[in-house]
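Me: I am new to this structure and would like to go through it term by term. For each label, please tell me what it rests on.

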Amino acid sequence: MLISLGEKILHHLQNGKRIATFPISSGRNPPSCLENSFGTPLGLHQIENRIGDGSPPGTVFISRVSTDKHHLELPDAGPDQKMYVLTRILTLRGLEAGFNSGDGCDSLARYIYIHGTPHPDRFPENMSGGCVILRDNDLIELHDSIPEKALVWIQEAPFESD
């Protein structure tokens, strides 16, 4: 996967060819690999785990575990609902020691994911605490077609056109 935060786009590649492109949103703060920055980390990552197979769209996950509740069932449902982790989770493990992996900058320890949004009406506004967010149907398509250990490159700049 190639993710451009500046373009708000995710390219899903297979054997070097683009097979799908999805719009994304990301962290409400500037990109950052630092713990507690609430910025989306840059650099090389891999999909550590695929979580949520078969969960209905809108299912809320807390600490990587399904609550078996739809976000609209929760007391704070509505336009001011907090940014829940929904539908599926692709956990991201940073692969660059001292940059996005290790003490003070570890993407996996920061709970950085690719996940769904409870605010499709505000999409693609950057509103996460550092995660990459997709619309639920796009996330299900990606989740179902991407293997664990797949590589993910995240950059701020746009990609060169092909």
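Me: Why is T87 called buried?
Reply: The relative accessible area of T87 is 0%, and buried means under 20%, so T87 counts as buried. This comes from a predicted model. T87 is found in strand β7.

Me: What makes a residue count as a contact of T87, and which residues does T87 touch?
Reply: Contact means heavy atoms within 4.5 Å. Leaving out residues up to four places away in sequence, T87 touches G52, S55, P56, P57, G58, T59, F61, D136, L139 and I140. As for L134, its C-alpha atom and that of T87 are separated by 10.0 Å, with their positions 47 residues apart along the chain.

Me: Which residues of helix α1 are buried, and what covers them?
Reply: Helix α1 spans residues 136-145, and its buried residues are D136, D138, L139, I140, L142 and H143. The cover over the buried residues of α1 includes β2 (9-14), β3 (17-23), β4 (43-51), β7 (85-94) and β8.

Me: How do you know whether H71 is buried or exposed?
Reply: H71 has a relative accessible area of 9%. The limit for buried is under 20%, so H71 is buried. H71 sits in the loop between β6 (65-70) and β7. Not counting residues up to four places away in sequence, H71 touches G58, V60, A77, Q81, Y84, L86 and P118. From H71 to N126 the C-alpha distance is 19 Å, and the two are 55 residues apart in sequence.

Me: What makes E48 and R93 a salt bridge?
Reply: Their closest N and O atoms are 2.8 Å apart, and the cut-off is within 4 Å, so the pair qualifies. E48 lies in strand β4 and R93 in strand β7, so the salt bridge ties together parts that are 45 residues apart in sequence. E48 is buried at 14% relative accessible area, whereas R93 is partly exposed at 29%.

Me: How many salt bridges are there in the whole structure, and what other pairs can you name?
Reply: A search of the whole structure finds 4. Among them is the pair D53 and R50, at 3.7 Å from N to O, which also falls within the 4 Å limit. D53 has 53% relative accessibility, and exposed means over 50%, so D53 counts as exposed. R50, at 24%, is partly exposed. Another is E125 with R122, where the closest N and O atoms are 3.1 Å apart. E125 is partly exposed at 37% relative accessibility, and R122 is partly exposed at 30%. Salt bridges that share partners join E48, R93 and K149 into one network.

Me: What makes a set of residues a nonpolar core, and which residues have the most contacts inside the largest one?
Reply: The members are buried residues of certain nonpolar kinds, joined through side-chain atoms within 4.5 Å. The largest nonpolar core has 20 residues, and those with the most contacts inside it are M1, I3, L10, I47, I114, L134 and L142. β3, β7, α1 and β10 (151-155) each give two or more residues to this core. A second, separate core has 6 residues, including I51, F61, V85 and I89.

Me: Which residues line the largest pocket closest to its centre, and what is its volume?
Reply: The volume of the largest pocket is about 500 Å³. Its lining has 21 residues, and V85, R110, Y111, Y113 and C131 lie nearest its centre. β5 (59-62) and β8 (113-116) each supply at least two residues of the lining. The lining divides into 10 nonpolar, 7 polar and 4 charged residues.

Me: Why is the phi of S63 or D68 worth a remark?
Reply: Most residues other than glycine have a negative phi, and most peptide bonds are trans. S63 is not a glycine, yet its phi is positive, at about 50°. S63 is in the loop between β5 and β6. D68, in strand β6, has a positive phi near 60° and is also a residue other than glycine. D68 has 69% relative accessibility, and exposed means over 50%, so D68 counts as exposed.

Me: Where is the cis peptide bond?
Reply: The cis bond joins F123 and P124, with omega about 10°. P124 is in the loop between β8 and β9 (132-133).

Notes
Residues are numbered from 1 along each chain as its sequence is written. This is a predicted model: local features need pLDDT of at least 70, side-chain atom pairs count only at pLDDT 80 or more; totals for chains, interfaces and linings use all residues. Side-chain values use heavy atoms; hydrogens and water are left out. On a 1 Å grid over the protein atoms alone, a cavity is a set of points where a 1.4 Å probe fits but cannot get out, and a pocket is an open set with protein on both sides within 12 Å along at least five of seven lines; lining residues have an atom within 4 Å of a point. Grid points are joined across faces, edges and corners, and a volume is the space filled by probe spheres set on the points. Helices (H or I, at least four residues) and strands (E, at least two) are DSSP runs, numbered from the N terminus. Ala, Val, Leu, Ile, Met, Phe, Trp, Tyr, Cys and Pro count as nonpolar, Asp, Glu, Lys and Arg as charged, and the others, Gly among them, as polar. Buried means under 20% relative accessible area, exposed over 50%, partly exposed in between (1.4 Å probe, protein chains only). A salt bridge is a side-chain nitrogen of Lys or Arg within 4 Å of a carboxyl oxygen of Asp or Glu.
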